[in-house]
Amino acid sequence: MAGVVDHGTAPADPGPQRTTTAGRPAHRAHRAPGFCDLVTVPARQGLEAVDILRRGAGDAVGPVLHDGSCDTLGFLVPPGTADAWDLPGSACTQTFGRGMRLHSEPEPVPPPPPVAGTGWLLPPDETDPVTDPAVLRAALGQAARTIEAADNCR
């Protein structure tokens with residue numbers, strides 16, 4: 001999950017995120033077609049976003065990776081997300097041809113992490129959903145605002 005350089009915060013208002021580009025409700029996780037992209041963020045913001053997503057309705061959060069030093073979290077998102085990802089404080093990496101593939105069949109144990117030196121914070125379940133990028137963008141924005149408010153209360 002190397003390559004995350006800008007650890008700034010997300011913009012205060014990520015904008016309305018009611019549906020995905022495919023017209024599906026934004027609160028549902030996409031089903032991974034096999035390959036996926038990876039959005040990486042600082043661990044503090046990522047953990048807050050995971051909490052926000054888990055409190056939401058439906059399958060809002062898909063598999064999440066952590067790096068070995070627990071400085072960075074990575075959210076698996078649909079392929080092609082990296083083409084338009086521009087959220088400050090995060091990076092989105094295309095993974096086509098680089099071996100990041102989720103298993104398409106259910107397994108009794110989580111598959112090995114797709115990136116060397118990482119582990120699963122939230123492993124894929126039997127349906128291998130990935131996180132909807134619009135929902136992730138909103139959660140990362142809310143997480144940044146929450147962290148900023150907490151830091152300003154000191």
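**A guided reading of the predicted chain**

Setting aside neighbours within four places in sequence, Thr 131 is in contact with Leu 53, Ala 60, Val 61, Gly 62, Phe 75, Leu 76, Val 77, Pro 78 and Leu 136. The model in which these contacts appear is a predicted one. Thr 131 itself belongs to the loop between strand S7 (129-130) and helix H2. Its relative accessibility is 0%, and Thr 131 therefore counts as buried. Two distances help to place this residue. The side chain of Thr 131 reaches the backbone nitrogen of Gly 62 at 2.7 Å. The C-alpha atoms of Thr 131 and Val 77 are separated by 5.0 Å, although their positions lie 54 residues apart along the chain.

From this residue one may turn to the chain as a whole. The chain contains two helices and seven strands, and read from the N terminus these elements follow the order β-β-α-β-β-β-β-β-α. Of the 154 residues in the chain, 47% are buried. Among contacts with a separation of 6 or more, 82% are between residues 24 or more positions apart. The chain exposes about 7,900 Å², of which carbon and sulfur atoms supply 52%.

Helix H1 comprises the 13 residues 43-55. At 1.5 Å a residue, this helix should span 18 Å, and the agreement is good because its end C-alpha atoms are 18 Å apart. The buried residues of H1 are Ala 43, Gln 45, Gly 46, Ala 49, Val 50, Ile 52 and Leu 53. The spacing of such positions may be read against the geometry of a helix. An α-helix has 3.6 residues a turn, so residues three or four places apart point the same way. What covers the buried residues of H1 includes strand S2 (37-42), strand S3 (64-67), strand S4 (72-77), strand S6 (118-122) and helix H2 (133-152). Leu 53, one of the buried residues of H1, is also among the contacts of Thr 131.

Two of the strands that help to cover H1, S3 and S4, pair with each other in the antiparallel sense over three bridges. Within this pairing, Leu 65 stands opposite Gly 74 in S4. The two strands form a hairpin with four residues between them. Strand S3 is also joined to S6 by four bridges, and these two strands run antiparallel. Here the bridge partner of His 66 is Gly 119 in S6.

The turn of the S3-S4 hairpin includes Cys 70, a residue found in the loop between S3 and S4. The phi of Cys 70 is near 60°, a positive value in a residue other than glycine. The general background to this value is simple. Most residues other than glycine have a negative phi. Cys 70 counts as partly exposed, since its relative accessibility is 48%.

Helix H2 takes part in the charged pairs of the structure. Side chains of opposite charge can pair when their charged atoms come close. The structure holds two salt bridges. In one of them, the side chains of Asp 151 and Arg 44 meet at 2.8 Å, N to O. Because Asp 151 lies in helix H2 and Arg 44 in helix H1, the pair ties together parts that are 107 residues apart in sequence. Asp 151 is partly exposed, with a relative accessible area of 31%, and Arg 44 also counts as partly exposed, at 45% relative accessibility.

The other salt bridge is formed by Asp 86 and Arg 137, whose closest N and O atoms are 2.9 Å apart. This pair links distant parts of the chain, with Asp 86 in the loop between S4 and strand S5 (91-93) and Arg 137 in helix H2, 51 residues apart. The two partners lie in contrasting surroundings: Asp 86 is exposed, with a relative accessible area of 57%, whereas Arg 137 counts as buried, at 15% relative accessibility. The classification of Arg 137 follows because buried means under 20% relative accessible area.

Helix H2 also holds Gly 141. With a relative accessibility of 0%, Gly 141 counts as buried. Gly 141 and Pro 88 are 53 residues apart in sequence, and their C-alpha atoms are 9.8 Å apart in space.

Note on methods
Residues numbered from 1 in each chain as written. Predicted model: local features only at pLDDT ≥ 70, side-chain atom pairs only at ≥ 80, totals over all residues. Heavy atoms only, no water. Buried < 20%, exposed > 50% of the residue type's maximum accessible area, 1.4 Å probe, protein only. Contact = heavy atoms within 4.5 Å. Areas by Shrake-Rupley, 256 points an atom, 1.4 Å probe, with all protein chains shown as cover. Expected span 1.5 Å × (residues − 1). Salt bridge = Lys/Arg side-chain N within 4 Å of Asp/Glu carboxyl O. Pairing = 2+ DSSP bridges. Polar contact = N/O pair within 3.5 Å; in protein donor to acceptor, adjacent residues only side chain to side chain.
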